[in-house]
Amino acid sequence: MTALPQQATRLPVYTEALAGYGANLRFDDLPPHVVAAASNCLVDAVACAWFGSRFAWSQAVVSAVERPVGLVAVLGTDITTDAASAALLSGVFAHAFELDSLRKPGAGVHPGATVALPALAVAQSLGSSGRELLTAIVAGIEVMFRIGAATLHTAEKRGFHAPGITGVFGSAVAAGRLMGLSPRQMAHCLGIAASMSGGLLRFAASGDGGMIKRLHLGRAAQNGVIAARLAAAGYEGPSAVIEGPGGVLETFCETSRPELLDAGLGRRYEIETLCIKRYACHVTAQAPIQMLSDWRAAAMFGPADIAGIELDVAPKLASHHAEQHPADMALAQYSVPFMLAFSVYNDLDDPGTLTDGAIREPKVHALADRIRMTADPALKGWSTCMRVTLTDGRVLAGEPAGFLGCPESPLDAAQLRRRFLSLTRAFPPSRMEALADALESIATCSDVSRLPLGLVAGEGRQP
């Protein structure tokens, strides 16, 4: 008698679960606090994009890329184009000055630039409602944050810039949700998106070319929209593309936890971990800057009183974020010791203090030379132990863990509006007030394409 072949054990197919969630999510499924978080993410992302649109590296992307004719407004400009091109430009703008949102604990994800803004572009192109837009943002964030968590942030140990990997999935799911993709089409969408992800951290190792990191998020936003369009047109991608052999986790990560891909899916909301930055620098410097500022105010000491600063940090911070004399603005904002030194001489609550001249100030570099970072393998993520030694012998020590804008200390509605108007103050105030009003009530909007999202032709920034 011939033995029957054993039935192969079917491995969990997490990609299918994520695709089904993204395709099937409905606005009425969402608790009010989740809707509010999605709205806050959108409001902050739009403000960051308007602020970031004015920089030379942003305008270089505007001038370098072809922009098909379309009706989608590019934030901070009088340009209208198609959704994919708008997603590219808005994503670049939002990440142009290290102001855009992320997750706590960190997972290599930037929801404002790679979920909220490409979703906004697609919603404009389709005339979607505000409720549909917010649903898409939640869907994209829930999928993207879980992918980021499953990577254990180890892609960067291999030299990849994590948001260039994770961001395309957030954009793809948000765009696909707005386009009405079925679960099967959404699975293909993720399969397509996986082959459109990437981005290298060479800029951190070489000490030059830092502005390339801005492009990684714009390309992720753009490619997610393209992946969704392809899936809607019947294009196919490989199955189990995230967890399977040769997939995202195996290819990009040193270690990973695939079971985190669907952990709590549909029951626990990852968007609750949304983190809005306080300062225009990498997130790893945010908590130390806030703690140092608090200490300076309480202990009444100034720059000349600081003999030295010691930081025990997670190994990744010591290897990727320790440049004391950065060559350009992007690398300055990426450096913990440099931004800590800069904050002693400048009010970082105003991102306008970060200028090319200011980051070259000899006094800032002299203080940066007195800041030492030591890798401690016991520390993970953003964890830091900081000691400040003063010239009078006093030593202040602490473990900065959070900052205003973290999930445990979120911005309230008034603070978020002040941030929005501060970041957009270079533009006509009445226009920005109207835009803030519209975004704050986005859930009641019947057609996103009617929002005042761009400048009128010929209208420029304030002097």
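Two strands pair if DSSP finds at least two bridges between them. The model on screen is predicted, and the tour begins with its strands.

**Stop 1: the open sheet**

Select strands S5, S6, S7 and S8. They form an open sheet of four strands in the order S6-S5-S7-S8, with mixed pairing. Strand S6 (371-375) and strand S8 (395-398) stand at the edges with a single partner strand each, so one side of each has no neighbour in the sheet. On average, neighbouring strands of this sheet are turned by 15 degrees against each other, direction ignored.

**Stop 2: strand S5 and its two partners**

Select residues 306-313, which are strand S5, and residues 384-390, which are strand S7. The two run antiparallel and are joined by seven bridges. Pick isoleucine 309: its bridge partner in S7 is valine 388. Then pick aspartate 312, whose bridge partner in S7 is cysteine 385.

Now turn to S6. S5 and S6 pair in the parallel sense, over five bridges. Isoleucine 309 appears here again, standing opposite isoleucine 371 in S6.

**Stop 3: the hairpin of S7 and S8**

Follow the chain from S7 into S8. These strands form a hairpin with four residues between them. In the turn, select glycine 393, which has a positive phi of about 95 degrees. S7 and S8 pair in the antiparallel sense over four bridges, and threonine 389 stands opposite valine 395 in S8.

Show the side chains of S8. In a regular strand the side chains alternate between the two faces of the sheet. Along S8, Leu396 and Gly398 point to one face and are buried. Val395 and Ala397 point to the other face and are not buried.

**Stop 4: helices lying across the sheet**

Add helix H12 (residues 286-299) to the view. H12 lies across S5, S7 and S8 and runs at about 35 degrees to S7. Then add helix H15 (residues 336-345), which lies across S5, S6 and S7 and runs at about 150 degrees to S6.

**Stop 5: a pair of helices, H3 and H4**

Two packed helices are described by the angle between their axes and the distance between the axes. Select helix H3 (residues 56-64) and helix H4 (residues 83-94): their axes come within 9 Å and cross at roughly 170 degrees. Angles over 145 degrees count as roughly antiparallel, so H3 is roughly antiparallel to H4. To see the contact, show Ser58, Val61 and Val62 of H3 with Leu89, Val92 and Phe93 of H4. By class, this contact of H3 with H4 has five nonpolar residues, one polar and no charged.

**Stop 6: leucine 99, after H4**

Move along the chain from H4 to leucine 99, in the loop between H4 and strand S3 (102-103). Is leucine 99 buried or exposed? Its relative accessibility is 2%, so leucine 99 counts as buried. Leaving aside neighbours within four places in sequence, its contacts include Asp44, Cys48, Phe51, Tyr279 and Leu423. The C-alpha atoms of leucine 99 and cysteine 48 are separated by 6.2 Å, although the two residues are 51 apart along the chain.

**Stop 7: helix H1**

Select helix H1 (residues 14-24). H1 is mostly covered, with eight of its 11 residues buried. The buried residues are Tyr14, Thr15, Leu18, Ala19, Gly20, Tyr21, Gly22 and Ala23. To see some of what covers them, add helix H6 (130-150), helix H7 (162-179) and helix H8 (183-194).

**Stop 8: threonine 255**

Select threonine 255, in the loop between helix H11 (248-252) and strand S4 (274-275). With 44% relative accessibility, threonine 255 counts as partly exposed. Apart from neighbours within four places in sequence, threonine 255 is in contact with Thr151, Leu152 and Thr154. The C-alpha atom of alanine 155, 100 residues away along the chain, is separated from that of threonine 255 by 8.4 Å.

**Stop 9: the cysteines**

How many disulfides does the structure hold? The structure holds zero. Cysteine 253 is in no disulfide, and the nearest cysteine sulfur, that of cysteine 189, is 20 Å away. Cysteine 253 has 3% relative accessibility and counts as buried.

Finish with cysteine 275 and cysteine 406. Why is there no bond between them? Their sulfurs are 3.8 Å apart, which is too far for a bond, because a disulfide needs the sulfur atoms within 2.5 Å. Cysteine 275 also counts as buried, at 0% relative accessibility.

Key:
Residues numbered from 1 in each chain as written. Predicted model: local features only at pLDDT ≥ 70, side-chain atom pairs only at ≥ 80, totals over all residues. Heavy atoms only, no water. Buried < 20%, exposed > 50% of the residue type's maximum accessible area, 1.4 Å probe, protein only. Contact = heavy atoms within 4.5 Å. Axes fitted to C-alpha atoms, helices over the stretch in contact; angles between N-to-C directions. Parallel < 35°, antiparallel > 145°, perpendicular 65-115°, else oblique. Nonpolar A, V, L, I, M, F, W, Y, C, P; charged D, E, K, R; others polar.
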